[in-house]
Amino acid sequence: MATMSTSITASGSFTLTDSNGTVIFSYSPSFTTTAQTANSAIISTGEILTNGTSATTINLGRHNKDRIFTFIKNVDTDYAVAVNPDGDTIANLKPGECFFSPVHIDGAADGSANLDLVATTAAQKVQYLLCDGLDTGIASDD
Amino acid sequence: MANYTFNASINMTANSGTGYSQSQSGSFNLNLTGINQIESGRADVASDADYGLDPSKVGATTAFTNGRAFYIRNMDDTNFLKVYDGASSAADLVGILEPGEWLFTIIRGTGVTTLRADTATVHVEYFIFEVDSAA
């Protein structure tokens, strides 16, 4: 039986500086996951034009909905886009902003299978990269 | 209140065992005007109680009225951490962090951020700050 093995590397750099040039904090986190076959079926990426004010769905039918490494970036110029994995907003991204998290898609006991994007006022372009992660075994209602 | 500049960059690369690889990255700045709620550091988060990064916990007396940006990193060697928008009872998970993993997001509007370990107390690294209405 064929299996698929996936891993991800995520790195970031975050710095807050005050108006005097003093660095308040600076973090540069990075991690690489161990290549895993369990719960691993798909890497998906793309660019999508959201609907206006109604939800636009990225279908996650082949993904492991219990945990998906998720990178989302608003690549448009006008309005914020909300990221809603199960009806609940976990990010509001204005143009140029991006988000990263290992997301539990089917939380809140609703068994969601999709990642919804909701733009404000008008359609916006969004880029995304999704990769299955290892299931932590927590319940769908957590 | 004071003014700040926040600089962020994020890169994610996904690989498969066959050599297939995809990468995406982003960088942006936030110019923050007149905010007074910033917290960063490390803390122990228990498994049997909510650990709130709400304004009262970071020493502020007013709510994050316009929203907040936050970074959470699980520093534990063994156990995972759950990060919620709101109390854990609301079950609105922003992410689940295995040891060493981190997340970053911006959530606009009022609300609190809650951390909760699953099996045993975990040590976390974090920052959270208020975003102003224009940021």
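Colleague: Which pattern does chain B follow, read along the sequence?

Modeller: Read from start to end, chain B follows β-β-β-β-β-β-β-β-β-β, and its secondary structure comes to 0 helices and 10 strands. Helices (H or I, at least four residues) and strands (E, at least two) are DSSP runs, numbered from the N terminus. Please keep in mind that this is a predicted model, in which local features need pLDDT of at least 70 and side-chain atom pairs count only at pLDDT 80 or more, while totals for chains, interfaces and linings use all residues. Residues are numbered from 1 along each chain as its sequence is written, and chains are lettered from A and ligands numbered from 1 in the order in which they are written.

Colleague: What box do the C-alpha atoms of chain B fill, and what share of its residues is buried?

Modeller: Taken along the principal axes, the box is roughly 50 × 35 × 25 Å, and buried residues make up 44% of the 135 residues in chain B. A residue is buried if 20 or more other C-beta atoms lie within 10 Å of its own, exposed if 12 or fewer, and partly exposed in between, with C-beta atoms placed from the backbone.

Colleague: Switching to the chain contacts, how many residues of chain B are in contact with chain A?

Modeller: There are 49 residues of chain B in contact with 54 residues of chain A, where contact means that the C-beta atoms of two residues, placed from the backbone, lie within 7 Å.

Colleague: Which strand of chain B gives the largest share of that side?

Modeller: Strand 1 of chain B does, with 15 residues. The side of chain B that touches chain A divides into 24 nonpolar, 17 polar and 8 charged residues; here Ala, Val, Leu, Ile, Met, Phe, Trp, Tyr, Cys and Pro count as nonpolar, Asp, Glu, Lys and Arg as charged, and the others, Gly among them, as polar.

Colleague: How many bridges join strand 1 of chain A to strand 1 of chain B?

Modeller: 13 bridges join strand 1 (residues 6–18) of chain A to strand 1 of chain B, and the two run antiparallel. Within that pairing, Ile8(A) has Ala14(B) as its bridge partner. Two strands pair if DSSP finds at least two bridges between them.

Colleague: And what does Gln22(B) touch?

Modeller: Leaving out residues up to four places away in sequence, Gln22(B) touches Ile43(A), Thr45(A), Leu129(A) and Ala14(B). Gln22(B) lies in strand 2 of chain B.

Colleague: Why is Gln22(B) classed as partly exposed?

Modeller: Gln22(B) is partly exposed because it has 18 other C-beta atoms within 10 Å.

Colleague: Different topic: what is the order of the open sheet in chain B, and which are its edge strands?

Modeller: The open sheet of 4 strands has the order 4-9-6-7, with antiparallel pairing. Its edge strands are strand 4 (51–52) and strand 7 of chain B, each of which pairs on one side only. Strand 6 of chain B is joined to strand 7 of chain B by 4 bridges, and Lys82(B) stands opposite Ile96(B) in strand 7.

Colleague: Over in chain A, which side chains of strand 10 are buried?

Modeller: Along strand 10 (residues 114–119) of chain A the side chains alternate, with Leu115(A), Leu117(A) and Ala119(A) pointing to one face and buried, whereas Asn114(A), Asp116(A) and Val118(A) point to the other and are not. Leu115(A) is the bridge partner of Ile58(A), and Leu117(A) is the bridge partner of Val83(A).
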